[in-house]
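Here is a short set of questions and answers on terms used to describe a protein model. Each answer sets a value against its definition.

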Amino acid sequence: MIRLISDFDGPICDVSERYYQVYLFCLKKNHRQNQQIRILSKDEFWQLKRSRVPEKQIGIISGLESAQAENFAQLRKQCVHTQPYFEYDILAPGAVEALLRVQQAGIDLAVMTMRRVRELEYAVQKFDLYQFFPENRRYCLSNDYVKTRDIDDKPLLMAQALKELPHAEETWMVGDTEADIAAAKKHGVKSIAVECGIRDRVQLEAYHPDIFVKNLTEAVNFLLKGWA
């Protein structure tokens, strides 16, 4: 049996509008009336996020003073994974079609994400993904889990998944962050890095994924071609 484990945000879900709306809200809340600020376009903002420019620096680039930018960064951290901002998430183009092809090919499918249980359940319900990810194929953080760093937490989810899921002759992990690649490498799983998420290629190259693809569709194309 062949298995594909997919990250959720990035390969399956486009979170860029959520992050941008949080940026706009936090910028609005942290500048003085009549203060000259520069509101970044969504493309400008997302490029900074993908190249891992720190939140405080994004605030400063937008015209905030240092103390304001510090508050901006703290508020962003509090808001970005909350309602109503999750409502801005949309499915990545072609994601559902790619998942259908995986399922039709008889490949075992699971999802592994740094979302909490309630956050993943919200998205699975919103996008009607139950056919792909029943509860026993979802690996995420508990609602009360105390996060450390994704690059440390995600390998723990991978260990849990490999222990609980049926044996597979070959397992691949597809994701858009260094945590996905680290989780795969630590447990001998092959890694596919997608360039459609919250990290750009330069950031991901340092972690040496097995291959790069543009999106989940290309990842599935690669895998099905290899198994044909």
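What follows takes up the whole chain, then one helix, then some loop residues.

This is a predicted model, in which local features need pLDDT of at least 70, side-chain atom pairs count only at pLDDT 80 or more, and totals for chains, interfaces and linings use all residues. Residues are numbered from 1 along each chain as its sequence is written, and side-chain values use heavy atoms, with hydrogens and water left out.

Q: How many helices and strands are there in the chain, and what makes a run count as one?
A: The chain has 10 helices and 8 strands. They are DSSP runs numbered from the N terminus: a helix is H or I over at least four residues, a strand is E over at least two.

Q: Why does the radius of gyration of the chain agree with that of a compact globule?
A: The rule, for a radius taken over C-alpha atoms, is 2.2 Å times the number of residues to the power 0.38. For 228 residues this gives a value near 17 Å, and the chain has 18 Å, so the two agree.

Q: What share of the residues is buried?
A: Buried residues are 50% of the 228 in the chain. The word means under 20% relative accessible area, while exposed means over 50% and partly exposed lies in between (1.4 Å probe, protein chains only).

Q: What share of the contacts with a separation of 6 or more joins residues 24 or more positions apart?
A: Such residues account for 69% of these contacts, a contact being heavy atoms within 4.5 Å.

Q: How do you know that the buried residues of α5 line one face of the helix?
A: In α5, residues 95-104, the buried residues are A95, A98, L99 and V102. Seen down the helix axis, they fall within an arc of 100 degrees, so they line one face. The arc is that of the directions from the axis to the C-beta atoms. An α-helix has 3.6 residues a turn, so residues three or four places apart point the same way.

Q: Why is D128 called exposed?
A: Its relative accessibility is 54%, so D128 counts as exposed. D128 sits in the loop between α6 (117-126) and β5 (138-141), and has a positive phi of about 55 degrees although it is not a glycine.

Q: Why is H208 called exposed?
A: H208 counts as exposed because its relative accessibility is 56%. Its place is the loop between α9 (201-205) and β8 (211-213).
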